[in-house]
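Please look through the sequence and the structure shown below, and keep both at hand while reading. The paragraphs that follow go from one part to the next.

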Amino acid sequence: MEERKVVAEFQNVVKEYTTKKGATVALNGVNLSIKENEFICVVGPSGCGKSTMLNMLAGLFPPTSGQVIFDGKPVEGTGVERGVVFQQYALFPWLTVRKNIEFGLKQKRIVVDGKKSRLSKEEINSIIDKYLNLVQLKDFATAYPKQLSGGMKQRVAIARAYAVNPSILLLDEPFGALDAQTRTQLQSELIETWEKEKKTCFFITHDIDEAVILATRIVIMSARPGRIKEIVDVDIPHPRTQATKMTEEYQKIKNYVWSQVYEEYLEVRK
């Protein structure tokens, strides 16, 4: 079997925050390799540094020590090759669904005959149509964010992130603010999208069920200061559906991950 390319790495990463009460260590010695086409889910108690990891990989701030590597180079600032979807609905309220997806595509450059060039209008429209169909929003292309439900807004955010063809998609609890039914529906849609696109994903969640149904590997974080306690392979075959949650294999992995996370919750309460 061909060895998959390493897309991103955390190399002995430490992150400290300075507050009025002094220094707080959010992460302490994190090492992780993320390979092409993986779906990594990160779980752990609040304050263990899950979102800090994602924000450093996104280039929103640097580590205190160690290195965050993307495509063989240290991360320095943001870039379209790292698409980000946050829990908040980060859409432009004055733009339609179609225009929101178009925004990143108009900034994107492609290499043609050794020269960087913008996408043509026809190419942009073709890509937008593809992802509107993929997230089932083609009938809402001319709607504005205020006219959409929370779940529909997150579909737009996911479509916008996918459209620029990033090397990795970073998702920080994107379904955390949604009701249970909508959350389950979007999980199913994200699974289907990943099965079609095989995009490398780095997904932060508090929901163990969500992690097991989505992930190829689950990273379990310790209580603060955050370290990687364990990495669990999720060898459940695809395609996965909500019915997968009823299988013995799924329940076994879920129970094990929960037991490990619960130990860390107990540490927080001490």
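Which residues do ring pairs link into a cluster? In this model, which is predicted, the cluster consists of Phe 39, Phe 175, Trp 194 and Phe 203, linked by ring pairs. Two of these names will return below, since Trp 194 also has a charged partner, with Lys 198 lying over its face at 4.7 Å from the ring centre, and Phe 39 belongs to a strand with both faces covered.

The structure holds ten aromatic pairs. A pair of aromatic rings is described by the distance of the centres and the angle of the planes. For Phe 92 and Trp 94 the centres are 5.2 Å apart and the planes stand at 40°, so this pair is tilted. The two partners can also be described by their accessibility: Phe 92 is partly exposed, with a relative accessible area of 23%, whereas Trp 94 is exposed, at 58%. Elsewhere a ring meets a charge, for the charged end of Arg 82 sits over the ring of Phe 70, at 5.5 Å from its centre.

We can now turn to the strand that contains Phe 39. Strand E3 covers residues 39-43, and five of its five residues are buried. In a regular strand the side chains alternate between the two faces of the sheet. In E3, Phe 39, Cys 41 and Val 43 lie on one side and Ile 40 and Val 42 on the other, and all of them are buried, which leaves both faces covered. E3 is joined by four bridges to strand E10 (residues 200-204), and the two run parallel; here Phe 39 has Cys 201 as its bridge partner. E3 also pairs in the parallel sense with strand E11 (residues 217-221), again over four bridges, and in that strand the partner of Ile 40 is Arg 217.

A further sheet shows antiparallel pairing: it is open, has four strands and follows the order E2-E1-E4-E5. Its edge strands, E2 (22-35) and E5 (73-74), each pair on one side only. Strand E1 (residues 6-19) is joined to E2 by eleven bridges, the two running antiparallel, and Val 6 stands opposite Lys 35 of E2.

Is Asp 172, a residue of strand E9 (residues 168-172), buried or exposed? Asp 172 is buried, yet has no salt bridge, and the nearest side chain of opposite charge, that of Lys 50, is 7.8 Å away. A salt bridge would need the charged atoms to lie within 4 Å of each other, which is why Lys 50 does not count as a partner. Beyond its neighbours up to four places away in sequence, Asp 172 touches Ser 51, Leu 54, Val 85, Phe 86, Gln 87 and Ile 204.

The helices offer two further views. In helix H2 (residues 97-107), the buried residues are Val 97, Asn 100, Ile 101, Glu 102, Gly 104 and Leu 105, and these pack against helix H3 (121-134) and helix H4 (150-163). Helix H7 (residues 248-269) contains Tyr 265, which counts as partly exposed at 25% relative accessibility. Leaving aside neighbours within four places in sequence, Tyr 265 is in contact with Gly 44, Pro 45, Ser 46, His 206 and Trp 258. The C-alpha atoms of Tyr 265 and Ser 222 are separated by 8.8 Å, with their positions 43 residues apart along the chain.

Notes
Residues are numbered from 1 along each chain as its sequence is written. This is a predicted model: local features need pLDDT of at least 70, side-chain atom pairs count only at pLDDT 80 or more; totals for chains, interfaces and linings use all residues. Side-chain values use heavy atoms; hydrogens and water are left out. Buried means under 20% relative accessible area, exposed over 50%, partly exposed in between (1.4 Å probe, protein chains only). Lys and Arg count as positive and Asp and Glu as negative; His and the chain ends are not counted. Contact means heavy atoms within 4.5 Å. Rings of Phe, Tyr and Trp (its six-membered ring) pair if their centres lie within 6.5 Å; planes under 30 degrees apart count as stacked, over 60 as edge-to-face and the rest as tilted. A charge sits over a ring if NZ of Lys or CZ of Arg is within 6 Å of the ring centre and within 35 degrees of the ring normal. Two strands pair if DSSP finds at least two bridges between them.
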